[in-house]
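Here's a quick briefing to read alongside the model. Keep the viewer open and click through the spots as they come up.

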Amino acid sequence: MGVEEFRKHGKEMVDFICDYHANHLQEAPVRSNVEVDYLRRCVPASAPEEGEDFNAVLTDVQRTVLPGVTHWQSPNFFAYFPANSSYPAMLGDMLSSAFNVIGFSWISSPACTELEAVVLDWLAKLLDLPPAFLTVGPDNTKGTGGGVIQGTASEATLVALLAARAQKLKGRDAADALKLVAYTSDQAHSCVMKACMIAGIQHVRVLPTSAQHDWALQSQVLQEALEQDEQQGLLPFFLCATAGTTSSCAIDSLELLGTLARQHSLWMHVDAAYAGVAAICPEHRQAHEGLHLAHSFATNAHKWLLTNFDCCCLWVADAEPLKAALSLTPVFLRAKGNALDYKDWQVPLGRRFRSLKLWFVLRCYGQRKLQEYIRHHIALATSFAARVRSHPAFEIMAPPRFGLVCFALKGQGNEVNKALLESLNQTGRVFLVGTELGGRFTLRMAIGSATTQAHHVEAAWQLICQHAEQMLANGQH
Ligand code: PLP
């Protein structure tokens, strides 16, 4: 494809995207209803020998791809946590594709590295993160910490864990690696366990939580585990606390856990994949009390901050342990000076120019619009929770937090609640997912799609009531 063809098709693609957003998203079932392996039945078994016309490809997107897309950008998408996109972010991402630099080291593309450091400082300030996380602090001097964009919160957790391991094992026998213990709660994301699997951590303590404490990890539970492990000669090294768990958005007390972590020389990583960006609003910063005690903190701009996947923002208070864990420089990559080389802050070597899309978002919306955006979703979730509370057939299953409301049919078993969820999703008019809290199946209403308005939430609530009433009337309980 030549440049003039690209100019033409690029415009057609923008039209396609606009139509997708303006029309298709409003009508299509939110959750795709295709059967497994549907796609193989509609495409040839092999790639074409000769290049095809671009419009033929686009036609096949309509015919074969769109039916199998679950529409995360639908205003009626209430599943998982949101995965926002926005036009400024898409345009920034387009530019990133066009430059297509591989910014592993400063010299491999100075703007790629420098914009990332600047944009993460900007975001850290917007979220009021502790100054230790900034690359350039308030007094204009470079500190030991800084921010880096990872693909996902899972990668951020892994990288933090590897840094913690390097720090703990420094100057010790290699055999001590077998004594390392990592701690987290039974509400933490499975990525913590996965990071431990990858890093070969032999001892992982998944500590219990309870409804009584709103599913937050209690510091005395951690303390008992630490004392037991230390008595047995093990080496506690890492704690992953969560500020906004996936199931119910529970918030671990960073102040209490962080104090304990410091006393026992643990690295505390805070996983705030979803909820972290809410701190852009001063009134939603309670979850971050005690964050100054954390060694690392991650939040996904690609969840609830209008930035297309992938854009997980990770900050560390001290980058040295990260580099100790991840820096390896063959001759052909050797650079002069002390420039920032982000290859030493991540697992892969290559990296995209991801800060562009976040920069576009921060500049095109600005602090005030982003605050309004977060407040809008929280207000919608608050009014949805009030509707649930006031309905005699339903109960709230965990304190509603940010955009998430966990609820279930009161006095009904798990099968009835699962059936309610499935009957809602089968309509194609909404998409929600469930979780289990204390053995009870729970529906999760996660409000945070970029175009969700009050009338979408109201329509979802009416649909939920209608299906619940029908099920209860039909005696499916
Ligand atoms: N941590 C938490 C608290 C999450 O809610 C999620 C996903 O929803 C993750 C980690 C994993 O996110 P990612 O897909 O960015 O690895």
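Setting aside neighbours within four places in sequence, Ile201 touches Leu180, Ala182 and Cys196. Keep in mind that this is a predicted model. From Ile201 we'll move on to the sheet, the ligand shell, the two domains and a few backbone oddities.

**Around Ile201**

- Ile201 sits in the loop that runs between α6 (190–199) and β3 (203–207).
- Loop or not, Ile201 counts as buried because it has 20 C-beta neighbours inside 10 Å, and 20 is where the buried class begins.
- One of its contacts is Leu180; the two residues are 21 apart along the chain, yet their C-alpha atoms are separated by 6.5 Å.

**The seven-stranded sheet**

- Seven strands make up an open sheet with mixed pairing, in the order β1-β7-β6-β5-β4-β2-β3.
- β1 (146–150) and β3 are the edge strands, each pairing on one side only.
- On average, neighbouring strands here are turned by 20° against each other, direction ignored.
- As a reminder, strands of a sheet pair through backbone hydrogen bonds, in either a parallel or an antiparallel way.
- β4 (residues 235–242) and β5 (residues 267–271) go for the parallel option, joined by five bridges.
- Two spots to click along that pair: Phe238 is opposite Trp267 in β5, and Thr242 is opposite Asp271 in β5.

**β5, wrapped on both sides**

- Why is β5 largely enclosed by the rest of the structure? Because five of its five residues are buried.
- In a regular strand, side chains alternate between the two faces of the sheet.
- Both faces of β5 are covered, with Trp267, His269 and Asp271 buried on one side and Met268 and Val270 buried on the other.

**The ligand shell**

- How many residues surround the ligand? There are 16, and the closest are Thr152, Ala153, Ser154, His189 and Ala273.
- By type, the shell around the ligand splits into seven nonpolar residues, eight polar and one charged.

**Two domains and where they meet**

- The domain assignment for the protein chain lists domain 1 as 1–32 + 69–85 + 367–477 and domain 2 as 102–352.
- Taken over C-alpha atoms, the centres of domain 1 and domain 2 are separated by 30 Å.
- Domain 1 brings 22 residues to the contact and domain 2 brings 23.
- On the domain 1 side, the elements giving two or more residues are α11 (355–389), β9 (404–409) and β10 (433–437).
- α11 gives the most to that side, with six residues.
- The domain 1 side of the contact divides into 13 nonpolar residues, seven polar and two charged.

**β9, β10 and β11**

- β9 and β10, both named above for the domain contact, each pair with β11: β9 by four antiparallel bridges and β10 by five, also antiparallel.
- For β9, look at Val405, whose bridge partner in β11 is Met445.
- For β10, look at Thr435, which stands opposite Thr442 in β11.
- β11 (residues 440–446) is mostly covered, with six of its seven residues buried.
- The hairpin of β10 and β11 has two residues between the strands, and Gly438 in this hairpin takes a positive phi near 55°.

**Backbone oddities**

- Which residues are joined by a cis peptide bond? Phe309 and Asp310 are, with omega about 5°.
- Asp310 belongs to the loop between α9 (301–304) and β7 (312–316).
- Leu306 also has its place in the loop between α9 and β7, and it has a positive phi of about 60° although it isn't a glycine.
- Is Leu306 buried or exposed? Leu306 counts as buried because it has 26 C-beta neighbours inside 10 Å, and the cut-off for buried is 20 or more.
- Ser265 is another non-glycine with a positive phi, about 55° this time, and it sits in the loop between α8 (254–263) and β5.
- Ser265 is exposed, since it has 11 other C-beta atoms within 10 Å and exposed means 12 or fewer.

Terms used. Residues are numbered from 1 along each chain as its sequence is written. This is a predicted model: local features need pLDDT of at least 70, side-chain atom pairs count only at pLDDT 80 or more; totals for chains, interfaces and linings use all residues. Two residues are in contact if their C-beta atoms, placed from the backbone, lie within 7 Å. Two strands pair if DSSP finds at least two bridges between them. Axes are lines fitted to C-alpha atoms, for helices over the stretch in contact, and angles run from 0 to 180 degrees between N-to-C directions. A residue is near a molecule or strand if its C-beta atom, placed from the backbone, lies within 6 Å of it. Ala, Val, Leu, Ile, Met, Phe, Trp, Tyr, Cys and Pro count as nonpolar, Asp, Glu, Lys and Arg as charged, and the others, Gly among them, as polar. Domain bounds come from an automatic or database domain assignment.
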